[in-house]
Amino acid sequence: MTLLLFVMLSMPGVVRAEQSPSLANGKSEELPQVKSIKITGNKAVTTEEIRGIMSTSMRDSFLGTGLFAGAKRPFIPEDFEKDIDLIRKLYTFKGYFFASVEPTVKRGKNGDANIVIRIKENQPTLVDSLSYAGLDDISEDIRARYLRRSRLKLQQIFSVENLIAERDRTLDYFREYGYTFFNPDSIRITVDTLGLYAGLRFNINLPKRYAYGPVKVFVHDPLKKDNPATAKTFERDNVSVTIYGRQKFSPKVFSSAIAWKQGALTRQSREQRTLENFGSTSLFSSISMQKDSAHAGAIPMTIDLDPAPKHQIEPKLLVDNRYGSLFVGGALSYENRNLFGAGQQLKLSTNYGTQLSSNTNVLSSLSPDQYDKIVPYEFDIKADMTIPRLGKQGSYYSGTVEYARSKLPVLLDSRRQIMRATYSTRLTRKSKLDFDFFELEVARKDSLRGFKQLFKNDLAQNIGIDPADPVAVNRGLDSLLQTRLNQTFRLRYNYSNRDNASRRRKPTTWNFSVMAEESGSLLWLIDKYVDKKSYDGFTDSDPQIFGTPYNQYVKLETQLAVTKNLSPKRQVAARMALGWMSPYGKANTTPDDHRFYAGGSNSMRGWVFGTLGPGSCPNEAISNFGADIRAELGLEYRMQLFKVFGQESGITLFSDAGNIWDRTGPYAFSFRSLTRDFAWDWGAGLRIGSPIGPFRFDFAWKLHDPANPDPWRFSQTKLSDFTFNFGIGETF
């Protein structure tokens with residue numbers, strides 16, 4: 001028989017049964033519950049896919065243990081019948097027209113339902129003939145390329161799913177070759193079926209081809225109705241632009257964003273790229289494009305743009321526990337999104353935060369009279385300037401000037417001034433490259449009362465200084481507290497399929513980043529060939545220019561994070577982070593500001609930030625100066641169980657393993673140290689949803705603490721011995 005698939009081609013991929021009215025009265029707990037659902041016999045369609053179209057579901061819990069169970073699920077026979085019909089339609093949609101679906105419902109106590117769905121898929125219908133008509137008037141090259149990329153193949157399973165994919169491909173393909181008015185009504189699909197075989201015929205009626213005509217751009221007044229008396233009109237590269245109001249835009253903003261030239265054949269991809277180009281400027285809040293009436297084989301285009309606000313002021317509240325106790329602060333930023341009319345963005349920001357109590361955890365080796373109690377704080381002021389490369393989407397230059405000051409728990413007052421220039425470009429839709437081609441940092445530390453004694457007690461021996469040698473101690477202090485220069489080149493590569501996975505509803509998201517950093521090469525050239533003078537306190541083997549020391553080091557860092565959706569409200573996520581750095585040239589050590597640190601809300605959550613490592617080191621003061629090697633793993637099981645103010649919220653179970661290590665010395669990295677001195681924690685966290693990301697409240701317990709003489713903590717763990725960490729956004 002012959003079937004015309006106009007109805008089938010409009011069939012949605014996923015159909016859900018409506019909620020039964022019996023649930024609207026809030027008495028679902030009185031209905032029989034769904035205790036279990038078992039699906040057998042399915043091979044062509046996954047169990048998750050079948051469950052995804054069913055409204056009948058069972059009460060979910062963590063790995064079926066009953067922990068963190070969601071709301072009870074009532075059994076409604078009418079809805080279950082609809083589910084069985086949907087499963088049959090799903091198999092038809094997949095090409096299994098003769099599949100049988102046999103449900104069985106076994107009633108338990110109180111009428112609760114144990115459901116078994118037995119599926120016998122039988123043989124699918126195969127495509128035994130395939131033809132395309134209506135392609136005689138197009139060039140051989142276009143026709144051959146179209147047929148070669150067909151989604152349908154002989155002896156392939158015949159399914160509505162594949163037919164829709166081929167229809168959509170056909171539309172997209174010919175719209176790329178000037179057939180701008182080609183639409184679904186121009187495709188007629190005929191299917192001849194005989195049992196387990198199907199013959200397919202595509203009848204394609206191609207309309208006239210068109211080229212692009214003149215382009216008109218209208219930039220509307222964001223504050224009031226467009227007034228022709230205030231309009232400014234100019235033309236550049238055959239693009240006519242009319243701007244209403246007193247707004248200022250560079251003509252290049254418009255000509256560089258339009259991805260076609262007048263007279264070129266229309267292409268759907270060029271129009272999409274034009275929308276993306278305008279969007280990437282961040283200048284417009286609304287972008288629309290329409291085709292005007294065709295004339296003489298050409299289609300004039302009209303683009304309407306609504307400008308985004310030019311000025312933006314944004315306050316923020318900062319709350320976490322970075323040093324153990326509650327840390328509270330605020331931030332304020334001002335942004336000008338179109339400083340000179342070509343999308344240049346100027347951002348000024350400042351933030352200040354302070355711990356609400358004095359922190360003496362790292363000063364255990366000192367008596368209270370040896371130091372002044374301090375309250376850690378951080379202050380930062382920064383100016384950023386971004387200059388986009390018009391016509392090259394996602395590429396821009398940026399410059400940063402920053403001043404930061406902080407008072408640290410280890411009795412140090414730290415100050416930094418930074419100048420940085422960066423070029424960023426989007427390599428593909430999924431990857432981005434950032435190159436800091438110039439960065440100069442001036443870093444200085446001043447000691448507070450008690451730091452010298454802390455240095456002698458805790459730090460000196462770890463860096464090879466005899467605490468009993470006053471000359472060596474003073475030399476070590478001078479080296480640590482000197483004003484130092486960091487001149488750095490930095491290359492960062494990021495890959496993520498997050499946007500693509502969200503758009504195509506893929507169950508797995510990948511995020512990968514790698515960073516390579518080198519510091520000191522230009523300063524070394526000045527040291528060697530320009531500044532050849534001698535300075536007091538320095539020898540020829542010391543890295544310095546004009547009497548100021550500088551750092552030389554290389555650093556490599558990478559992270560891979562994977563998130564897999566198990567169901568619409570269940571996720572499992574994993575992360576691996578590795579890092580290594582080393583001095584080179586004249587330098588003997590790496591700067592502590594750029595080392596790796598372990599502990600905290602985005603690292604090993606069983607420890608407060610900067611209190612873990614290196615290796616089995618039990619001294620938190622040493623941990624606060626970081627280390628040169630890092631290896632960490634993380635695993636999370638995320639469950640969305642309820643909503644707060646309309647935002648998905650829930651529970652996360654997690655475990656972290658890893659540590660940081662020195663390159664040399666008693667806490668150096670080795671295979672033995674990796675297997676002996678790893679840290680391991682587990683915990684649970686509360687996630688409260690918000691528009692800026694989930695608020696994280698994590699409670700972690702140590703399973704293996706390398707700083708403890710008895711590292712395994714199973715038998716000693718108490719419920720009250722947790723480490724609390726707070727943050728915003730998922731950990732990875």
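This report describes a predicted model of one protein chain, moving from its overall make-up to selected local features.

## Overall make-up

The protein chain has 732 residues, of which 43% are buried. Its secondary structure comes to twelve helices and 30 strands, and the C-alpha trace spans about 100 × 80 × 50 Å along its principal axes.

## A nonpolar patch on the surface

On the surface of the model, a nonpolar patch is formed by Ile 387, Tyr 397, Val 401, Met 419, Phe 435, Phe 437, Phe 438 and Leu 491, which together have about 690 Å² of accessible area. Two elements, β17 (396–408) and β19 (431–447), each give two or more residues to this patch, and β19 gives the most, with three residues.

Phe 437 is one of the residues in the patch, and it lies in strand β19. Its relative accessible area is 34%, and because this value falls between the 20% limit for buried residues and the 50% limit for exposed ones, Phe 437 counts as partly exposed.

## Salt bridges involving strand β19

Side chains of opposite charge can pair when their charged atoms come close. In this model the count comes to 43 salt bridges, and two of the pairs described here have a partner in strand β19.

One of them joins Glu 439 to Arg 490, with the closest N and O atoms 2.8 Å apart. This pair links distant parts of the chain, since Glu 439 belongs to strand β19 whereas Arg 490 belongs to strand β20 (residues 484–496), and the two residues are 51 residues apart. Both Glu 439 and Arg 490 are buried.

The other is a salt bridge in which the side chains of Lys 445 and Asp 592 meet at 3.3 Å, N to O. Lys 445 lies in strand β19 and Asp 592 in the loop between β25 (570–583) and α11 (620–623), so this salt bridge ties together parts of the chain that are 147 residues apart in sequence. Lys 445 is buried, with a relative accessible area of 7%, and Asp 592 likewise counts as buried, at 11% relative accessibility.

## Further salt bridges

Salt bridges that share partners also join Arg 605, Glu 636, Arg 638, Asp 656, Arg 687, Arg 696, Asp 698 and Glu 730 into one network.

A further salt bridge is found where the side chains of Arg 322 and Asp 320 meet at 2.7 Å, N to O. Its two partners fall on either side of the 20% limit for burial, because Arg 322 is partly exposed with a relative accessible area of 24%, whereas Asp 320 counts as buried at 17% relative accessibility.

## A pair of crossing helices

Helix α7 (residues 451–459) and helix α8 (residues 470–481) have axes that come within 11 Å and cross at roughly 115°. The two helices are therefore roughly perpendicular to each other, and α7 passes α8 in a right-handed crossing.

## A loop residue and its spatial neighbour

Asn 227 is found in the loop between β8 (211–219) and β9 (232–236), where it counts as partly exposed, at 35% relative accessibility. Asn 227 and Gly 245 are 18 residues apart in sequence, and their C-alpha atoms are 7.3 Å apart in space.

Definitions and conventions: Residues numbered from 1 in each chain as written. Predicted model: local features only at pLDDT ≥ 70, side-chain atom pairs only at ≥ 80, totals over all residues. Heavy atoms only, no water. Patch = residues over 30% accessible without salt bridge, like charges linked within 9 Å, V, L, I, M, F, W, Y side chains within 5 Å. Areas by Shrake-Rupley, 256 points an atom, 1.4 Å probe, with all protein chains shown as cover. Salt bridge = Lys/Arg side-chain N within 4 Å of Asp/Glu carboxyl O. Helix = DSSP H or I, 4+ residues; strand = E, 2+ residues; numbered from the N terminus. Buried < 20%, exposed > 50% of the residue type's maximum accessible area, 1.4 Å probe, protein only. Axes fitted to C-alpha atoms, helices over the stretch in contact; angles between N-to-C directions. Parallel < 35°, antiparallel > 145°, perpendicular 65-115°, else oblique. Left-handed = near helix turned anticlockwise from the far one by under 90°.
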